[in-house]
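Here is a friendly walk through a protein chain, starting with one strand and widening out from there. Have the structure open and follow along.

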Amino acid sequence: MNQILVEKNVPCTLRDGTVLYADIYRPNKEGKFPVLLTRHPYNKDLPFYSHRYLDTNRLVQNGYVVINQDVRGRYNSEGNFYPMIHEAEDGYDTVEWAAKLPFSNGKVGMFGLSYYGFTQLLAASEQPPHLQAIAPVMTLSNRRDTTFTESGAFLLASSETWGLESLAPDEIKRKYKDPALIEEKMKQLAHFYNNINEWYRFRPVKDWPPLKELGVAAAFYDSLDETVREELGERMSISHKYHQFTVPAYHIAGWYDNLLPSTIKNYQGMSENAATSEARENQKLMIGAWGHGVYTSTLGERTFGLHAAGDWIDYKEDLTGLHLRWFDFWLKGIDTGIVNQAPIKIFVMGINEWRDEYEWPLARTNYKPFYLHSEGKANTRFGDGVLSWEKPGNEPNDQFFYDPENPVPTKGGGTLFAGAHTYGPQDQRRIEEREDVLVYTSQPLEQPLEVTGPIKAKLWVQTDAVSTDFTAKLIDVMPDGTAYNLTDGIVRLSNQTTGNTVEIEIDMWASSNVFLPGHCIRVEVSSSNFPRYDANLNTGKTMIDSLESKLARQTIFHQEEYPSYLLLPVIEIEK
């Protein structure tokens with residue numbers, strides 16, 4: 001029987017004298033073993049310390065030492081916590097400490113999801129000599145631009161959720177010493193969290209009461225300040241450091257993960273720019289039909305089959321087994337076959353199949369414009385909006401009024417926040433009954449159509465506001481009318497000259513889906529997706545620092561001179 005030895009609160013002294021504490025899980029037998037390290041701010045003492053996507057006991061039973069560390073200033077570790085700022089240097093020091101432990105053979109790998117996917121990348125950018133390989137899952141490339149803002153819009157709900165749910169509890173216990181006061185603050189926190197849907201609407205956000213009244217999470221308020229974001233941006237980013245990487249990495253992402261774009265960016269950046277040929281040639285990318293930290297076969301309101309789940313990938317292995325094959329090769333020298341496999345493995349929705357690929361975007365992509373048409377009444381799914389491969393002629397434009405006091409609600413997508421707004425694919429028909437949502441739908445398809453790759457909406461628009469937003473959402477409409485979202489995006493127009501007709505490009509991220517015969521392709525166009533993004537007030541100011549809002553008249557053009565379209569990455573289907 002394989003037994004596991006557990007050592008709690010093992011100290012690691014950093015270069016500045018700060019002591020971090022880790023729990024160490026290792027085989028109960030003599031010898032030296034490779035180390036798998038994870039570092040995060042979410043409390044190493046929680047039983048599901050690997051975020052439930054890995055069975056770390058199996059890692060130990062297969063001959064690894066697993067180290068789970070609280071980062072600086074969190075839970076058991078000393079120092080002051082500030083998100084991301086110390087993780088590069090602290091990660092380097094921890095890797096080298098782990099390599100010198102008496103039961104370590106000097107070879108270290110790192111694993112982890114989200115924040116602790118990023119602690120791997122930041123550490124690896126410092127090139128610790130004993131770090132051999134990493135496996136960053138659903139993580140960041142630049143915290144400033146992937147967790148604070150997107151295309152100029154503030155990621156309101158995820159920022160507020162993370163501050164309240166993830167930062168506040170431990171900071172309360174560190175700041176307040178009186179047990180009675182701690183209990184009072186924790187009850188107050190629970191009240192705020194249980195009513196977070198109401199608090200998303202509070203403005204100005206710079207005075208957001210939940211964290212102000214708790215007296216914690218100053219980093220949240222710093223994130224609202226563009227000057228502070230600029231000052232700290234380089235230390236919270238790896239996107240300018242890809243040339244410094246020397247380690248192989250297995251990147252794992254999800255089509256409905258809020259960090260999908262940054263995970264793809266990391267794969268591409270390291271594949272093209274890593275410091276050594278070995279590192280460049282040994283980047284892997286897997287993208288499943290998953291949400292953030294969610295690897296089940298059912299996501300949102302769709303089921304993709306048991307083989308879609310992280311515990312039975314393509315009927316072959318689970319995520320733990322995948323990690324074991326990756327680290328067995330790089331840390332033990334065992335030929336597991338993983339290095340010789342295709343660099344990319346994606347799950348193609350619609351036909352619900354896993355497929356190997358060799359580059360991203362796919363070299364065989366045919367980018368085709370799918371044009372918007374209407375007779376001027378595309379409002380709601382009951383309107384006359386049409387998608388067609390044919391270019392528009394002399395057609396009337398479409399208009400809607402965007403009211404920041406009544407924004408279009410978030411329903412599914414690549415989200416990560418608390419409340420009544422679910423993630424993943426959700427039926428959008430109720431959203432499409434709003435007058436401030438333009439809906440353009442193709443005829444039912446006679447042949448299957450695959451769309452795999454980055455998706456964009458290129459629209460000719462006009463607004464009477466000095467600043468406003470435009471959104472776009474790609475939908476797969478089933479034969480029974482059910483309308484499932486695939487991907488979406490937003491762009492913020494700041495200080496535009498009122499009344500000008502301008503061309504905009506909305507990055508709708510990437511997806512992979514086969515639209516089956518009888519299905520329709522649909523795009524929604526609007527100006528809000530709340531509370532995923534802050535509602536643009538149309539005044540030139542934002543929810544962060546203002547109360548006043550104005551109604552905006554929004555116009556979408558689709559004429560010969562102003563052709564608005566979706567740019568779809570079409571993949572020819574082999575017959």
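## A strand buried on both faces

In this predicted model, strand β4 sends Val 65, Ile 67 and Gln 69 to one side and Val 66, Asn 68 and Asp 70 to the other, and all of them are buried. Side chains in a regular strand alternate between the two faces of the sheet. The strand covers residues 65-70, and six of its six residues are buried.

Which strands does β4 pair with, and in which direction do they run? Strand β2 (residues 19-27) is antiparallel to β4 and joined to it by four bridges; here Asp 23 has Asn 68 as its bridge partner. Strand β3 (residues 33-40) runs parallel to β4, with six bridges between the two. In that pairing, Arg 39 stands opposite Gln 69.

## Ala 98, packed against the strands

Now look at helix α2 (residues 87-99), where you will find Ala 98. Is Ala 98 buried or exposed? Ala 98 counts as buried because its relative accessibility is 0%, below the 20% cut-off for that label.

Once neighbours within four places in sequence are set aside, Ala 98 is in contact with Val 35, Ile 67, Ser 104 and Val 108. One of these contacts, Ile 67, belongs to the β4 residues already met, where Ile 67 points the same way as Val 65 and Gln 69. For a sense of scale, try the distance from Ala 98 to Tyr 367: their C-alpha atoms are 48 Å apart, and 269 residues separate them in sequence.

## Gln 132 and its distant partners

Gln 132 sits in strand β6 (residues 131-137). Its relative accessibility is 26%, so Gln 132 counts as partly exposed; the partly exposed class runs from 20% to 50%.

What does Gln 132 touch, not counting residues up to four places away in sequence? The list is Lys 107, Val 108, Val 247, Pro 248, Trp 330 and Leu 331. Val 108 also appears among the contacts of Ala 98. As for Pro 248, it is 116 residues from Gln 132 along the chain, yet their C-alpha atoms are separated by 7.4 Å.

## Another covered strand

Further along the chain is strand β18 (residues 438-441), with Leu 438 and Tyr 440 pointing one way and Val 439 and Thr 441 the other. All four of these side chains belong to buried residues.

Strand β18 is antiparallel to strand β23 (residues 520-526), and four bridges join the two. The bridge partner of Tyr 440 in β23 is Val 523.

## Backbone details worth a look

Most residues other than glycine have a negative phi, and most peptide bonds are trans. With that in mind, two asparagines deserve a visit. Asn 9 has a positive phi near 55 degrees and is found in strand β1 (residues 4-13). Asn 43 also has a positive phi, of about 85 degrees, and is located in the loop between β3 and α1 (56-61). The two fall on either side of the burial cut-off of 20%: Asn 9 is partly exposed because its relative accessible area is 33%, whereas Asn 43 is buried because its relative accessible area is 14%.

Where are the cis peptide bonds described here? One joins Arg 203 and Pro 204, with omega at about 5 degrees; Pro 204 lies in the loop between α7 (196-199) and α8 (209-214). Another leads from Trp 360 to Pro 361, with omega near -5 degrees, and Pro 361 is in the loop between β14 (353-357) and β15 (366-373).

## The chain as a whole

Stepping back, the chain contains 13 helices and 25 strands. Its radius of gyration is 24 Å, close to the 25 Å that the globule rule gives for 575 residues, so the chain is as compact as a globular protein of that length. The C-alpha atoms fill a box of roughly 80 × 60 × 40 Å along the principal axes.

Of the 575 residues, 61% are buried. Among contacts with a separation of 6 or more, 74% are between residues 24 or more positions apart. The accessible surface comes to about 22,200 Å², with 48% of it belonging to carbon and sulfur atoms. Finally, the chain carries 56 positive and 77 negative charges, and the mean positions of the two sets are 4 Å apart.

Key: Residues are numbered from 1 along each chain as its sequence is written. This is a predicted model: local features need pLDDT of at least 70, side-chain atom pairs count only at pLDDT 80 or more; totals for chains, interfaces and linings use all residues. Side-chain values use heavy atoms; hydrogens and water are left out. The radius of gyration is taken over C-alpha atoms; the globule rule is 2.2 Å times the number of residues to the power 0.38. Buried means under 20% relative accessible area, exposed over 50%, partly exposed in between (1.4 Å probe, protein chains only). Contact means heavy atoms within 4.5 Å. Accessible areas come from the Shrake-Rupley method with a 1.4 Å probe; for residues, only the protein chains shown count as cover. Lys and Arg count as positive and Asp and Glu as negative; His and the chain ends are not counted. The place of a charge is taken as NZ of Lys, CZ of Arg, CG of Asp or CD of Glu. Two strands pair if DSSP finds at least two bridges between them.
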